[in-house]
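User: I'm new to this one and would like to learn how to read it. Could you walk me through a few features?

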Amino acid sequence: MSNTNLHPDHQEEQARVNDISVIIADRIKELEGRTGGVRGEIVDIRRNFWDDVTVNFEDSAETAETYASMKQQAELMSERERSFRHMEEQLGTLKRLARSPYFGRIDLVDDGVVSSKTDSIYLGIGSLMDKSGEHYLIYDWRAPVSSLYYDYGPGPVRYETPGGTVEGEMTLKRQFVIRNGVIRSMFDTGVTIGDELLQEVLGAQSDAQMKSIVATIQSEQNRIIRNEKARLLVVQGAAGSGKTSAALQRVAYLLYRYRGSLNAEQIVLFSPNPMFNSYISTVLPELGEQNMAQTTYQQYLEHRIGRDFELEDPFTGMERLLSEQDGEGNRIRMANISFKSGTSFMGVIDNYAESLGSSGIVFSPIMFRGRALISKEEMECRFYELDPSVSIPNRIRNLAGWLLKELTARGKKERKKRWVLDAIELLDSDAYLEAYQELKRKNKYTDQSFSDFDSEKEYLAGMVVQEKFKKLRRRTKALKFLDIPAMYRTLFQQESPKEVSADWEDICRQTLEQLDNGVMSYEDATPYLYLKEKLEGFHTNTTVKHVFVDEAQDYSAFQYAYLKRIFPNSRFTVLGDFNQAIFAYSGTGVGFQGLESLFGPEETERIELHRSYRSTRQIVEFTSYIIGAEHDIVPFNRDGELPSLSIVPDEEERLAAIREKLEEWKKRGLASCAVICKTAAESKSVFEALKPLIPELLLVGKNTATFEKGLLVIPSYLAKGVEFDAVVISDASDAAYSKESERKLFYTACTRAMHALHLISAGKLSPFLSTSGSESTYRVLQNPARKQ
Ligand SMILES: Nc1ncnc2c1ncn2[C@@H]1O[C@H](COP(=O)(O)OP(=O)(O)OP(=O)(O)O)[C@@H](O)[C@H]1O
């Protein structure tokens, strides 16, 4: 990094930082005072709430007045609370600015201004005005003018503002690293922002949490962050090209740009696994914004259908496929997965659902005390009597209304039954007291003991039946009288729907077997939900305005079509890399690549990122060969050691080599080192063998909720999206990675390394390492690591 002492403007810039620091400190002091005052007011309002409200319920006029006065007090309190929250947010931003007020400066000469005065624009993570409130001392990085910093180097520039296009000349572009009020470094840059600063940022060690990249956003990333036109923004980017980073800064940008009309709860991010959620959780708060809603697609499925079935998660399916040998069973399973991932299966379900409009809906009888209180036949009869031109969900709702009425009527009949009389006798005295009070309130007590006894019994019988029927009513309201699992099953007992799949019969057999075991495989879950919603009505979420899908290559075309349907008012930003499409159901990323058809080309924009920032140049060159993309992926120019490979004779040596590497890296001070194994089973066995020798070793599994630094063993498919200082690929042999379907998995695993990558192979080497030309991208360590 350039030496700041040499920069001629250093003193002047430091003086400005000092001035700004004083202003920020004053503002903080003043705001803290005001915040304290508002806090006190809130405490007072809460404490005196009832003193300040005139409570009188004597007549309707008094009651209305009481409510009005309560409402007024409540409004006053929530207004105070709102301004308190706002001040707290401002305070948070000021405190962050105090540590590092800005990271960039651009000098602009506006072409349209006669005097051609140069404006110096300083960029930080929040804005700061001068005392008059008329001039910006610091511009928020998301302000329109700040875009110039990311998109241009010195020279002619243009940018859009709400008032139109502004053209001008950038005469200076300067970067700063300021920590605790002191300029650590500053330098003037050309077109690309801060190769020097980027070098430093990327060369640093990884963290348990992802960092914000606002100081070094690259122009191609800026296009993603500030895109406002596309209904569907598709980002295809190489591993480590900053897709997740761009997505998170985009959320921050949108929250700024649409402040007032968009809040964090209206943005949803689908992420690959729960651990990833923890990994990215600090980026937005660091930028002074709240986190968006985060979920995994699996969590969503579980929430919607987890009670109907044991839902297989994608990782279990993955583990099964990776561990299985090639064979007919596996071939059918692949055909099954691929068929259910496509939208043609959606068409099959549409046709099936339509046919259910005239016959075939399977109802579950409403059972009570071992008998059908309302039979399937009754429901069927009632349903198919309804006007067939009305949609199925509306007819179902109508049927539910009828069933609820029937439950009331049949409940009344039930009151005379022996079991009710028996239950009344077992009631406690509170129930009797309640009956007495209720009858008295309704003036049904006659003081004639016989009829009083009868009314009481009748009342209690009503109570008993009502209590028992509660569950039936609840289930009816939840439309549980529809037997969706049976209908989904029937779908696979049909004659082959026209030209759907040559493997239809095999697919049916395999699916039925699985359903009979009570397991819903991952590839069935969305189609099942789709059928369910076709019949019950779609659970759409109209409040969400932006959906982000990270690791977008892992979603099937079917899942995308479904997501579009449940978020009808939303724009979509999907970010993925078809070279990392490792799940069979993603059809090697077909759903992702064919996304244009979702909204049509007019509403879709596609941006490609070819530059990779995560790893050293050597690692990027090595990994690019694995997928034959050596000419497509451009490494950021950061040097490191060549990836290395140990060829070892046996398992024992393999473990010794892993241990040796981890110890070497630990000594070098690399804080996060991962041993990436192909499967969870292999991870467990490596972990168990090494744990006694390396006590701090951690095992990451699909349920691991937080991402931690340290020495980890992790299965390849869970390492998606995250990164480590150094990575050992525990088994780079032909036995582990040789099938074409495993190439992307191998690539994904290797691309997790930032600074160092080591591979170990016992036995024949994976063919993915022997692409012609790739030999020079790694070095083979001749001596196995084992120490005697
Ligand atoms: N403009 C940038 N400035 C600084 N760091 C960056 C920039 N862009 C990306 N990075 C860094 O590069 C690394 C990879 O970024 P990120 O995880 O967002 O990439 P990705 O495309 O989502 O990767 P993958 O697909 O492999 O999961 C991160 O450490 C991130 O901080």
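User: Let's begin with two helices: which residues in α12 meet which residues in α21?

Analyst: First, keep in mind that this is a predicted model. To read a helix contact, list the residues on each side that have heavy atoms within 4.5 Å of the other side. Here T343, F345, M346 and I349 come from α12, and they meet A557, F558, A561 and Y562 of α21.

User: What classes of residue make up the contact of α12 with α21?

Analyst: Seven are nonpolar and one is polar, with no charged residues in the contact.

User: And how do I read the way α12 and α21 cross?

Analyst: You look at how far apart the axes are and at the angle between them. The axes of α12 (residues 343-356) and α21 (residues 557-566) come within 7 Å and cross at roughly 60°. An angle from 65 to 115 degrees would count as roughly perpendicular and one under 35 as roughly parallel, so α12 and α21 are oblique to each other.

User: At what angle do the axes of α11 and α19 cross?

Analyst: Roughly 95°, and the axes of α11 (residues 328-341) and α19 (residues 504-516) come within 9 Å. That angle makes α11 roughly perpendicular to α19. On the α11 side, the contact is made by G329, R331, I332, R333, A335, N336, F339 and K340. The α19 side brings W504, D506, I507, R509, Q510, T511 and Q514.

User: How do the residues of the contact of α11 with α19 divide by class?

Analyst: They divide into five nonpolar, five polar and five charged.

User: Now the ligand. Which residues come nearest to it?

Analyst: For a ligand, start with the shell of residues and then look at individual atom pairs. There are 23 residues around this ligand, and T216, K243, S245, E723 and R752 come nearest. A polar side-chain atom of T216 is 2.7 Å from a ligand nitrogen atom, while S245 has a polar side-chain atom 2.7 Å from a ligand oxygen atom. Q221 also has a side-chain N or O atom 2.8 Å from a nitrogen atom of the ligand.

User: How much of the ligand's accessible area does the protein cover?

Analyst: On its own the ligand has 630 Å² of accessible area, and the protein covers 97% of that. Two elements give two or more residues to the shell: α4 (195-203) and α6 (243-257). Of these, α6 gives the most, with three residues.

User: Which classes of residue does the shell around the ligand have?

Analyst: Count them by class again: eight nonpolar, ten polar and five charged residues.

Definitions and conventions: Residues numbered from 1 in each chain as written. Predicted model: local features only at pLDDT ≥ 70, side-chain atom pairs only at ≥ 80, totals over all residues. Heavy atoms only, no water. Axes fitted to C-alpha atoms, helices over the stretch in contact; angles between N-to-C directions. Helix = DSSP H or I, 4+ residues; strand = E, 2+ residues; numbered from the N terminus. Parallel < 35°, antiparallel > 145°, perpendicular 65-115°, else oblique. Nonpolar A, V, L, I, M, F, W, Y, C, P; charged D, E, K, R; others polar. Near = heavy atom within 4 Å. Polar contact = N/O pair within 3.5 Å; in protein donor to acceptor, adjacent residues only side chain to side chain. Areas by Shrake-Rupley, 256 points an atom, 1.4 Å probe, with all protein chains shown as cover.
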